[in-house]
Each structure stands twice: as C-alpha cells, then as structure tokens.
Amino acid sequence: AFEGGFAAAAEKLGVSPALYHSDTSHPEAPRTRTLVEEIARVVRGRAANPVWIEGMMRHGYRGASEVTRSVEGLFAFAATLPARLDRQFDLLFDATLGNEAVDAFLRDANPAAREAMAARFDEALRRDLWRPRRNTVAGTLRQAS
C-alpha cells in the first residue's frame, strides 16, 4: 500500500522515481529488488503457486479469503504503479478462476470471496489494468459471475 501510494503520488507530481522493495525475510542476507521484480517473485512463488494454493484450500473459508487477498494486492499495485502487470494477472487468473479445481473450491468454501475475486479481475479488464494474452479470459469471467 505504501509503495503503490508513493508511486501514485509521485506520478501526480510529474516524477517517476525508481521503486525498490527490501526483502529482509533472511536478516543475515537482505535483498533489494525493483518493486516490479518483487511483485513478479511473490506472484510466482506464492500467489499463483499450486502448492501454496493447495495449502490454503486445506483452510476452507479462511484459505479462500487469503487467495482472494492476493488478487486484491495485485490489483492495488496495478492501479497505482506505472508498470504493466499483465503477466502476473495471467498467472494468478490461471491458478484461481481459470483452474477448475480451485474455482470449485472457492465456490464451495467462500462464495463471497470468489465473487470479490471475479469482480477484481473484471474491473482490472475494464480499467485496462490487465490485457490478457488470451481472448477467452473475458468470456470465462462472464461465465464465472
């Protein structure tokens, strides 16, 4: 939220500073990456990772909420950063609503979270924050609602 907000404020002022994210998950070996690299890393390594999603599925209602939070986070970055995050949206969509098993889990465990996720993907399309590489995504979203 802070990084995206900073980027949006800077853009309003007519500047575009380099954006970095510090990863201190291993304090003995901190890493600094560009914010876009970090977003891509988190989407691939966690949010769209089938192993992580399977783990969330074991938590039922709450797990479905966590999966949806990933879409919310990506949407927020797409709305506030000047960079395109199309590939990350594609990966996350394919791993969630584009995956029959995960979609069925979301429908059963937490229909409200699933609807919120579908709405965010749809809004990303409508606001041109996401340009999917496949034309079938919009149709899939219409069927998902």
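This report describes helix H7, its packing against helix H4, and several salt bridges and single residues in a predicted model.

**Helix H7 and its buried residues**

Helix H7 covers residues 111–126, and at 1.5 Å a residue its 16 residues should span 22 Å, which agrees with the 22 Å that separates its end C-alpha atoms. The buried residues of H7 are Ala113, Arg114, Met117, Ala118, Phe121, Glu123 and Ala124, a list that includes two residues with charged side chains, Arg114 and Glu123. An α-helix has 3.6 residues a turn, so residues three or four places apart point the same way.

**Packing of H7 against H4**

Which residues make the contact between H4 and H7? Helix H4, residues 60–80, packs with H7 at an angle of about 15°, and the two axes are 9 Å apart. Because angles under 35 degrees count as roughly parallel, H4 and H7 are roughly parallel to each other, and H4 passes H7 in a left-handed crossing. On the H4 side the contact is made by Ala64, Ser65, Val67, Thr68, Val71, Glu72 and Phe75, and on the H7 side by Ala113, Arg114, Ala116, Met117, Arg120, Phe121, Glu123 and Ala124. Among the H7 residues in this contact, Arg114 counts as buried, at 1% relative accessibility.

**Salt bridges**

The model has 18 salt bridges. Side chains of opposite charge can pair when their charged atoms come close. Three of the pairs are set out below.

| Pair | N to O distance | Relative accessible area |
|---|---|---|
| Arg133 and Asp94 | 3.4 Å | Arg133 53%, Asp94 27% |
| Glu115 and Arg114 | 3.3 Å | Glu115 38%, Arg114 1% |
| Asp122 and Arg126 | 3.1 Å | Asp122 32%, Arg126 60% |

The side chains of Arg133 and Asp94 meet in a salt bridge. This pair links distant parts of the chain, with Arg133 in the loop between H7 and helix H8 (136–144) and Asp94 in helix H5 (residues 86–95), 39 residues apart. Arg133 is exposed, whereas Asp94 is partly exposed.

The salt bridge between Glu115 and Arg114 joins a partly exposed residue, Glu115, to Arg114, which counts as buried. Asp122 and Arg126, by comparison, both lie in helix H7, four residues apart, about one turn of the helix; here Asp122 is partly exposed and Arg126 counts as exposed. Elsewhere, Asp23, Arg33, Glu38 and Arg41 are linked in a network of salt bridges.

**The residue just after H7**

Most residues other than glycine have a negative phi, and most peptide bonds are trans. Asp128, however, has a positive phi of about 60° although it is not a glycine. Asp128 comes just after H7, in the loop between H7 and H8, and is partly exposed, with a relative accessible area of 36%.

**Met56 in helix H3**

Is Met56 buried or exposed? Met56 lies in helix H3, residues 50–57, and counts as buried because its relative accessibility is 16%, which falls under the 20% cut-off. Leaving aside residues up to four places away in sequence, Met56 touches Gly63, Ala64, Glu66, Val67 and Phe105. Of these, Ala64 and Val67 are also among the H4 residues in contact with H7. Met56 and Ala9 are 47 residues apart along the chain, and their C-alpha atoms are separated by 34 Å.

How values were computed
Residues are numbered from 1 along each chain as its sequence is written. This is a predicted model: local features need pLDDT of at least 70, side-chain atom pairs count only at pLDDT 80 or more; totals for chains, interfaces and linings use all residues. Side-chain values use heavy atoms; hydrogens and water are left out. The expected span of a helix is 1.5 Å times one less than its number of residues. Buried means under 20% relative accessible area, exposed over 50%, partly exposed in between (1.4 Å probe, protein chains only). A salt bridge is a side-chain nitrogen of Lys or Arg within 4 Å of a carboxyl oxygen of Asp or Glu. Axes are lines fitted to C-alpha atoms, for helices over the stretch in contact, and angles run from 0 to 180 degrees between N-to-C directions. Angles under 35 degrees count as roughly parallel, over 145 as roughly antiparallel, 65 to 115 as roughly perpendicular and the rest as oblique. A crossing is left-handed if the near helix is turned anticlockwise from the far one by less than a right angle, and right-handed if clockwise. Contact means heavy atoms within 4.5 Å.
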